[in-house]
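This report looks at how chains meet one another and how a pair of helices packs.

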Amino acid sequence: MNNEIFVELKNIRKVFGSVVALDDVNFSVLKGEIHGLLGENGAGKSTLMNILYGLYSPDKGEIYIEGNKVKINSPYDSIKLGIGMVHQVSTLVPQFNAIENIILGTSEDKYRLKIEEEREKIKNISKDLGLEFPLDVKVKDLSAGLKQKIEIVRAIYRGAKLLILDEPTTSLVESEFKDLLRTLRSLVKKGVTIIFITHKMREVLEACDRVTILRRGKVQGTLDKEDMTTDNIVKMMFIEKDIKVTESALPKVELPESKKSPKPILELKDVSVESSERSVGLKNISFELYGGEILGVAAVSGNGEKDLAEIIIYPKNLNRGEIYVDGEKINGLSTLQVFSKGVFYTPEDRIKEGILPDGNLKENILLGHHSEDRFLNNKTFIKWDEVRITTVDIIKKFNVYAPSEEIIIRRLSGGNIQKVIMGRAFVNPIKLLVTHNPTSGLDVSTVEFIFEKLVETRGSGSAVLWIGEDLDELMILSDRIAVLYKGELQGIFNRDEFDKYKIGLLMIGGQR
Amino acid sequence: MLSFINSFISQTITYAVVYTLTSLGIVISGRAGIFNVAAEGIMLASASIGFIVSFLTQNAILGFIAGMIMGGIFGFILAYIHESFKVNQFILGISLVILGTGLSDLMYKLIIGVKLTAPRAPKTPLIKIPFISEIPIIQAFLNQDVIVYFLYFVILFAWWFYYRTKIGLETRAIGENPKAADVVGVNVVKRRYLSTIIGSMLIGISGAYLPIVITGTYMPDISAGRGFMAVGIAIFASWKPQRAILGGFLFAAIEVIAFRLQVISQNIPYQFFLMLPFISVLIIMMIFKKQIEYPASVGKPYSRE
Amino acid sequence: MKDKKILRVILIYFLSILFAFLVISIIVSIFGYNVIKVLKTLLTTSFKTTFGFQETIKKTIPLIFTTYAYTIPFMIKFFNIGGWGQMLFGGTITAVVGLTLPYLGINFPSYIMIPLLIVTGILAGGFFGLIAGFLAAKFDINPIISTIMLNFVAVQFLNFIATNPIYRDPFEGHPITLPLPKSGTLGFIYGVPVSIIFAIISIIFVYVLIKKTKLGYEITAIGHNLDAAQKFGINFQKTILTTFFIAGALAGLGGTFEVINIHKKLIEGFAQTSGAQYGIFGVLTGLIVAGDPVGVPIAAFLMSVLLVGADALQRTMQIPVEMVFLSQALIVLFIVTFRERFLRRT
């Protein structure tokens with residue numbers, strides 16, 4: 001490694017709809033280094049790299065390669081500039097074998113398919129890098145680790161001088177990670193520069209020469225090898241540089257004394273959910289949640305936290321273990337049956353999973369309550385008057401800023417949509433609220449309002465299971481915090497043991 | 001017996017032209033991610049124009065070319081409206097079926113008009129290979145018209161294109177995972193246009209084959225659901241060219257068998273034989289449910305963000 | 001904000017119709033017809049004479065049923081192209097029941113016979129629709145394919161019944177069944193089929209079903225957002241089945257009325273002629289209303305105006321009816337394109 005800058009991104013800004021994904025980001029990588037790009041999910045790491053690779057075009061900003069300003073409109077351009085990328089989700093064609101995938105799209109000879117001639121070339125590259133994989137097996141039958149090797153070889157085959165790895169370890173086992181490290185080292189020796197995107201600190205410490213930390217679309221800073229300590233990294237990832245900002249950005253809500261119920265409202269015994277392509281599943285989760293208590297579940301997204309929420313409201317998917325609500329076993333019940341036990345839910349993605357975007361507020365409030373006798377005549381006809389009264393009531397109680405209950409929900413702001421979703425949970429008195437990232441992307445006053453509602457719920461003797469990734473928020477409001485990592489419970493902290501550093505470390509796979 | 005087998009194979013091959021070309025056409029656009037459910041409409045419109053041109057020029061080949069061009073136009077409309085306006089492919093397909101249905105009879109009535117005796121299409125040139133065309137069984141395959149030979153050519157070409165060329169490989173990749181093709185620098189939109197137009201051209205030729213060769217004259221609704229059955233074949237073939245070809249021959253055989261049984265059988269009403277091909281589509285799709293794989297992107301518009 | 005959207009929708013429909021008529025005008029003028037006269041005939045025939053209006057209503061009734069057959073499954077994003085077959089099957093089974101009873105010597109009075117035949121049509125059509133629903137829910141077979149295949153099955157089944165010696169009228173040259181017993185048929189009031197009453201009942205039924213019942217709510221919710229609907233406890237599979245049953249039942253009912261009110265017997269050619277017309281135009285009209293059941297009666301009426309106008313064009317000016325079919329297909333094509341262009345969500 002020398003001190004020559006290989007790639008430089010200047011003042012990059014990217015907006016998706018109304019969300020600012022990247023805001024004035026400056027980022028540079030030196031020739032021949034392994035540069036870590038660290039941040040929580042949604043921090044903007046992948047977006048930044050997709051811009052460099054030409055998949056997204058930035059709204060503002062410039063890209064320089066070896067000092068020359070370049071325009072990258074598509075991967076076709078970036079490949080020509082010597083950039084290769086291994087995406088988080090495999091971009092191999094599952095029906096093709098390794099050779100076919102590697103030669104796909106290379107430009108020289110459009111018509112002739114020279115599989116046999118290329119075979120040697122590919123074999124040599126993979127031997128050279130120590131990346132061996134079967135060449136003639138359909139990729140869909142290969143493990144994630146092998147697929148990744150193919151993607152790396154593909155990038156090198158195309159002459160990549162800069163290799164971007166987007167969360168390369170997501171689906172790797174420990175030994176595969178070690179292999180990957182070795183590969184990266186040998187690539188560097190051959191003069192390849194590497195950008196390594198991750199949200200796991202340990203990997204940064206083991207793999208990278210330097211690290212840049214992104215938080216909410218902004219660069220928090222870049223650390224050199226000698227400054228790369230666990231301490232510095234956790235601070236940059238989880239604690240804002242400017243303490244004052246932290247204080248004003250988070251609402252002040254007091255957590256008053258409350259009376260815990262004598263018996264648990266929610267009890268999970270040894271609950272397991274099989275992992276799938278979409279998620280890591282859950283492994284032997286056991287905990288108890290009492291009335292009058294908020295249990296925060298801290299997890300970086302993709303660590304089984306969604307399965308945890310979903311298994312409670314749809315226990316039919318349970319593979320092993322038992323779930324009890326207020327002492328009653330709910331294994332095998334349907335969602336509506338679970339709801340009838342006094343449970344309700346607010347999903348993670350409020351637009352995609354939470355609302356009927358083209359429905360009015362009444363139709364949205366009714367969702368999940370549509371089979372309840374109080375809203376039905378003869379179990380068939382909906383009492384829309386009753387729904388209207390309830391909706392108006394919720395609009396008032398939850399301060400939903402809406403001209404009337406007839407308005408199409410899509411027209412409301414994110415905060416007001418969340419209030420409707422939250423309000424829906426309180427149509428009936430509830431014993432347990434399962435809420436997943438209820439505050440993400442909302443302004444401070446709405447966050448404060450939702451906090452108040454959660455505290456109120458807790459005060460009334462109900463239990464709240466709050467799954468979230470913002471540790472600051474969880475620490476303000478939770479009685480206890482459970483940490484979930486790779487589908488396993490890492491530990492539960494009582495309020496007096498809350499330690500941002502310790503919990504943050506567990507969330508990203510560190511040891512206690 | 002031999003002559004029975006001979007004529008059975010020969011007739012099956014004639015019908016296989018229709019089924020195979022159409023399902024191949026659907027497969028070709030499907031491989032690039034466009035689900036062409038408009039096949040029936042394309043066949044009808046091409047059948048009409050194909051017949052009209054061949055009748056007026058007294059040249060069958062010109063008729064097939066006209067059918068092919070009509071198919072290409074439909075393919076372009078399908079690709080253009082889908083890619084530019086992101087209209088749902090199924091809605092678009094159904095609209096085009098109705099458009100083709102209306103267009104076919106309209107063109108015929110406006111240009112040919114109502115005649116007392118049905119006008120006949122000119123003969124399609126036959127190809128006979130000396131000696132080989134005399135051997136029983138083989139004769140059934142080779143003693144055929146130029147379009148059958150064209151079908152053989154298309155089959156070989158499709159196989160060569162998809163499995164022996166790089167652009168074929170890339171086109172297959174688009175259907176499986178357009179992002180995969182995009183990230184390696186393939187122009188997804190351009191390929192989608194090309195595949196849809198070429199696929200629809202094949203469907204157009206198959207449409208023209210109906211009046212020019214099979215019936216010898218034009219009649220309303222001449223494709224009689226075969227375009228939709230071809231969609232079924234493409235699905236059950238999981239958009240694999242070789243399986244679509246097999247499926248095309250299979251359904252041609254089913255149609256011929258149903259037709260022959262109709263003549264022989266006295267106890268079973270003929271209507272049940274006419275139902276047979278349609279019911280077979282559903283039964284085969286039920287049986288092969290587990291094996292059916294859609295190209296992952298088929299039916300969906302592609303956008304990066 | 002809402003007014004703006006309505007304005008835009010009106011604009012889309014207006015532009016689409018304008019464009020389609022423009023294309024048609026060009027075509028007819030190329031072939032030397034008087035464009036003004038063509039358009040006038042097309043649009044005013046239904047309103048100029050009592051007969052024209054009666055004919056329009058006569059077409060509107062079955063069209064309402066087949067349009068519902070398309071529209072209701074479309075609310076959960078499924079394409080039921082099978083309104084045609086479901087109508088034919090409903091009509092055929094109605095004829096079978098209506099003819100078999102007297103054949104067996106059972107003669108019910110009309111207050112039993114009529115409800116019996118109506119229920120028969122509902123169940124037969126519903127059963128036929130349910131097959132497609134079942135294939136979609138259990139075998140993942142796209143209803144576009146299954147319903148079209150079933151259409152052809154229904155056509156052959158109708159022909160089988162019409163040519164069956166038990167039912168066939170021996171004195172007719174063409175395969176036509178014996179007439180239904182008088183107690184099993186409906187008449188006309190002022191030249192309008194009595195079945196209009198049932199069509200109106202069906203309009204009310206669908207409206208109440210969609211807007212006022214739990215099932216209607218579940219259908220709407222799935223259409224708006226399948227993920228959210230499932231997450232909050234709506235059973236998708238079950239809704240597919242009920243939706244297809246209802247769609248088929250309504251189409252089947254349409255077939256019943258064609259048999260007991262219009263033809264009073266089963267005619268072999270019905271499948272291919274007016275039956276096919278109602279089938280195809282049900283889909284077209286359904287595409288125009290885009291899954292909004294409230295618009296169905298109006299759209300079906302306007303479509304019938306064009307169909308009656310098309311017949312008149314053929315009679316008076318020798319312009320093929322397909323010219324109008326073409327214009328309708330173009331209207332739909334323009335509408336679906338403009339709709340996507342101007343109403344796409346941000």
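The following paragraphs take two chain contacts and then one helix pair.

The model is predicted. In the contact between chain B and chain C, chain B contributes 34 residues and chain C contributes 35 residues. On the side of chain B that touches chain C, four helices supply at least two residues each: α3 (60-85), α4 (89-111), α10 (226-236) and α12 (270-287) of chain B. Of these, α4(B) gives the most, with 13 residues.

Chain C also meets chain A, where 15 residues of chain C are in contact with 24 residues of chain A. Here α8 (214-224) and α9 (226-231) of chain C each supply at least two residues of the side of chain C that touches chain A. The most comes from α8(C), with 6 residues.

Within chain B, helix α1 (residues 2-31) and helix α9 (residues 188-215) have axes that come within 7 Å and cross at roughly 165°. An angle over 145 degrees counts as roughly antiparallel, and α1(B) and α9(B) are therefore roughly antiparallel to each other. The crossing of α1(B) past α9(B) is left-handed.

The table gives the residue classes for these contacts.

| Set of residues | Nonpolar | Polar | Charged |
|---|---|---|---|
| Side of chain B that touches chain C | 25 residues | 5 residues | 4 residues |
| Contact of α1(B) with α9(B) | 14 residues | 9 residues | 1 residue |
| Side of chain C that touches chain A | 5 residues | 5 residues | 5 residues |

Notes
Residues numbered from 1 in each chain as written. Chains lettered and ligands numbered in written order. Predicted model: local features only at pLDDT ≥ 70, side-chain atom pairs only at ≥ 80, totals over all residues. Contact = placed C-beta atoms within 7 Å. Nonpolar A, V, L, I, M, F, W, Y, C, P; charged D, E, K, R; others polar. Axes fitted to C-alpha atoms, helices over the stretch in contact; angles between N-to-C directions. Parallel < 35°, antiparallel > 145°, perpendicular 65-115°, else oblique. Left-handed = near helix turned anticlockwise from the far one by under 90°.
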